[in-house]
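Work through the exercises below with the sequence and coordinates open. Each task is followed by a solution in steps.

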Amino acid sequence: MGRYLLRRLGFALLLVLVVSSASLLLTRLAPGDVTTEQALVLDPEARARLRAELGLDRPLAVQYLTWLGGVARLDFGRSLLYSRPVSTLVGERALNTAVLAGVALLLATVIGLPLGAYSGSQSRGLGRAVVRVCSVIALSVPPLIGSLALVFLAARTGWLPVGGMTSASGMDQAWPQWLADLARHLPVPALALALPLAATLERLQSEAMVKAVHEPFVAASRARGLGPIQAVIRHAWPVSLRSVLGLYGVMIGALFSGSFVVEVVTSWPGLGRLMYDALKARDLYLVAGCAASGAFFLAAATLLTDVLLAFADPRVRSEEAQ
Amino acid sequence: MNRQPRALLSVLLLGLIAFMGWRWWSSQQDHADQGTEIVFSDVSTRGGVLTSSLRSEPRSFNRWVDRTSPTVFMSHLMQSTLVRINRSTQEVEPGLAESWTASADNRTFTLTLREATWSDGTPFTSADVVFTFQAIYDPKAGSILAGSLQVNGQPLVVTAPDARTVVIGFPGSFGPGIAILDNLVLAPKHKLQAALAAGTFAQTWGVATSPDQLVSLGPFVLARYEPGQRLVFERNPRYWKKDAAGVVLPYLDQIVLDVVPDQDAELVRLQAGQIDMLQQQVRPEDIATLRPLVDQGKLQLLELGVGTDPDLFFFNLRPERWAKDPRGSWIMRREFRQAISHAVDREAFANTVFLGAGVPIWGPITPGNQQWFSPNVPRYSFSVERAKALLAGLGLANRDADEWLEDEKGTEARFTLLTFRGNTSLERSATVLREDLRPIGIAVDVVALEQGALIERMLKGDFESIFFFFSSSSFDPAMSPDFWLSSGSGHIWNIGQATPATEWEKQIDDLMHQMTASVAPAERKRLFDQVQNIFAENLPAIHFVAPRMYIGVSSRVSSLSPSILRPQLLWAADTITVRSPPVTGQGGR
């Protein structure tokens, strides 16, 4: 197990390095740089001076190796856009995204898995049909439309704040009030992220459950006298989780790196929005930092789900032991 | 119970639940609608919080090196200038300089400063003014304001005989005169002189700076910056300005700028009463959405007038671009550009791109710029026949079976048009242009690029034609020399020429130099009318339609001085007042 973990850790580090390096190099190779926006008001000499100050006039290889040297010391450089350390900026925003992603994942799990288990264990019926229709709708609505619809609903009803992470008065409040304020701002972006994920989980769980309920050991458990619900919960569900849990790593990675549409629409100050702004402005160090962060979370989540999988499915444990 | 009745019962039960849910939602809606009604009783001129949106967050708090919108907006709230151009009246009015005198040759201005203090209590003196000029002109500081504070490419000479007097010498005669100081954002010497001496001025006042370090001479001070979320400004108790009744401004207690990156979400927030005003004009397609709220008295839709920065279409007019390309023989000819101008139905263009909220134009100065607009420039009426005749005069004719023209060597009349991906009015404009040129046999290949890539290709001259925008920050064309002069960095069809490439560009250069140097308003207008005529005859850039600009504001906001220039409302934030806040539903701010 130790060797397995070490191998996975090495793979995670390699993934972070490759993804962040590729992001930096591609951003550097794309037309324009962080001074482009000012090019129409700066004379060429002033722009050249600014590029030199920012180190953008150096050859690509020198720039990359200098950055790589910094990364070896866990220094991801300074953002060209905000003149702040990349690690600080990414840290602030990753925390905000983590809050959103965590709640979205929880919601997706709470909604998706039980519904999937239910629809997969039923061969027919109205409830199963309703669940399937809802899942298809949630899967086919693009995140932009979904989040705009939720924002519109929140605005129309006035039940929840339309956007942002806290209220303007939030920072002045005591911790409990601040948390309550945060909790009021979470449902719209969290649901926008969670609904398609819940639908994915439901579909996957349902299909896995259909297969699992027909396994011989489930029939054997029924023959031993277990009721249908108990047989599903005790025997079929844990086995069906194997394929579902494998998806969690990818989902967490996607939540950390691909939620920018929802973050933009709901004004959530997260990592996705930071990366989008960095890409638009060609802030190559910040792009690399954000990409590294996304890759790190993807690798960590994949590792975590593998461990969880080992606990959930006895066959995996025995495979590892062999 | 068998399966069929059970299923029927389930359907009925679900229907009943859905109906009850709808009834309950409707009743909530009625209450919410009642709740968002504006309360007009508690009218006040002092106090209150105004919430506005901000489409992106600041990259720096240092206005001397950053010109992005959030930093400029902040500057309007936190800084004062010696004099300011009133964005509504377009007149120069006193600021921290309470009076001034000009020398007989209009080259030396002596300003008397009013007694004022920075928000931290430090007196504002002439030393701050001198220091500001030092910082702006210091190459190491990299100030983006340096170019706009020069006359004939030379810096102004600034001296301070005493603490309340500043003498500003112009290196040459300059038509806009003292108005040039509208660009001068004053820097606190006591806070920034160490950074300037250390060569770190450009890095100071970054977004990580504590708000209490950002001293202000303006109506507000930054109280809090929540990255990615909002900026909160509070009244500067030491602000120098008073209203006619002697009440110290500003009237508002607080301004909150919420960062809302998405324009649709921004609109929804305005509709929900969670922000009081938009920071940008309302898109034409959103006007109909806001009308019902205007009719209900919840919202004001202010018409600001005709926009002063219309989108423009231009060819690459660098001779070297076309040296080896046979198409250069007709693209570089003004008759070709005139044919394009004739081929476009500007009324239909306004209806398609701006949904009718636009006016046809024939040059870069629109009717929105009342002082400098010339109604007498050559106009190109919509005429496909006239366009075809001009093209025929260039030797372009249909020589094969397809629908496109060819020149005498058989080269097809086709070019690539680059535009800005994501900008709906530009993308629509490019499509309309392509369709309008089809009937006259010119093929256009539209390519939408991301903004950075587009600007980079424009700067390198790596393009055939572009549909883009060009923003100016002033009504006076003398303050936009980069656009008009052939040597300018904003002369986008042929940037930064060492000497004028064409005779007409030389004429424009000469006229602009004369116009900039002249101090007689009528003479300046006469000279600039000539510039506009030459521009319209040669069409280095073709303008089709200028949009009518609207901005959405909550009805509880009053005492507004709308301007066509950005920031349209917050440029005069010190006089804005709000009525008591609307009682919104649970989703209120």
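The model is a predicted one.

**Exercise 1. Chain A as a whole**

State what share of the residues in chain A is buried, and describe the secondary structure and extent of the chain.

Solution.
- Step 1. Chain A has 322 residues, and 48% of them are buried.
- Step 2. Its secondary structure consists of 14 helices and 0 strands.
- Step 3. Along the principal axes, the C-alpha atoms of chain A occupy a box of roughly 85 × 55 × 40 Å.
- Step 4. Take the contacts in chain A with a separation of 6 or more: 73% of these join residues 24 or more positions apart.

**Exercise 2. The nonpolar cores**

Find the residues that touch the most other members of the largest nonpolar core, and the helix that gives this core its largest share.

Solution.
- Step 1. The largest nonpolar core holds 140 residues, and those touching the most other members are A104(A), V151(A), A194(A), I252(A) and V287(A).
- Step 2. Helix α8 of chain A, residues 187-213, supplies the largest share of this core with 16 residues.
- Step 3. Apart from this core there is another one of 72 residues, whose members include L42(A), F315(B), L417(B) and M512(B).
- Step 4. Leaving out residues up to four places away in sequence, A104(A) touches A190(A), L193(A), A194(A), L197(A) and L255(A).

**Exercise 3. A helix pair in chain A**

Classify the packing of helix α4 of chain A against helix α12 of chain A as parallel, antiparallel, perpendicular or oblique.

Solution.
- Step 1. Two packed helices are described by the angle between their axes and the distance between the axes.
- Step 2. The axes of α4(A), residues 86-121, and α12(A), residues 271-281, come within 7 Å and cross at roughly 135 degrees.
- Step 3. Angles of 65 to 115 degrees count as roughly perpendicular and those over 145 as roughly antiparallel; the crossing angle therefore makes α4(A) oblique to α12(A).
- Step 4. On the α4(A) side the residues are L89(A), V90(A), R93(A), A94(A) and T97(A), which meet L271(A), G272(A) and L274(A) of α12(A).
- Step 5. Sorted by class, this contact has 5 nonpolar, 2 polar and 1 charged residues.

**Exercise 4. The contact between the chains**

Give the number of residues on each side of the contact, and break down the side of chain B by element and by class.

Solution.
- Step 1. Chain B contributes 51 residues and chain A contributes 46 residues.
- Step 2. In chain B, the elements giving two or more residues to this side are α1 (3-35), β12 (220-226), β13 (230-235), β14 (254-259), α5 (263-271) and α13 (451-460).
- Step 3. The residues on the chain B side divide into 18 nonpolar, 21 polar and 12 charged.

**Exercise 5. One residue of chain B**

Decide whether V232(B) is buried or exposed, and list its contacts.

Solution.
- Step 1. V232(B) belongs to strand β13 of chain B.
- Step 2. A residue is buried if 20 or more other C-beta atoms lie within 10 Å of its own; V232(B) is buried because 23 other C-beta atoms are within 10 Å.
- Step 3. Neighbours within four places in sequence aside, V232(B) is in contact with A168(A), A223(B), R224(B), Q254(B) and V256(B).
- Step 4. From V232(B) to V256(B) there are 24 residues in sequence, with a C-alpha to C-alpha distance of 4.6 Å.

Conventions: Residues numbered from 1 in each chain as written. Chains lettered and ligands numbered in written order. Predicted model: local features only at pLDDT ≥ 70, side-chain atom pairs only at ≥ 80, totals over all residues. Core = buried A, V, L, I, M, F, W, Y, C linked by C-beta atoms within 7 Å. Buried ≥ 20, exposed ≤ 12 C-beta atoms within 10 Å, placed from the backbone. Helix = DSSP H or I, 4+ residues; strand = E, 2+ residues; numbered from the N terminus. Contact = placed C-beta atoms within 7 Å. Nonpolar A, V, L, I, M, F, W, Y, C, P; charged D, E, K, R; others polar. Axes fitted to C-alpha atoms, helices over the stretch in contact; angles between N-to-C directions. Parallel < 35°, antiparallel > 145°, perpendicular 65-115°, else oblique.
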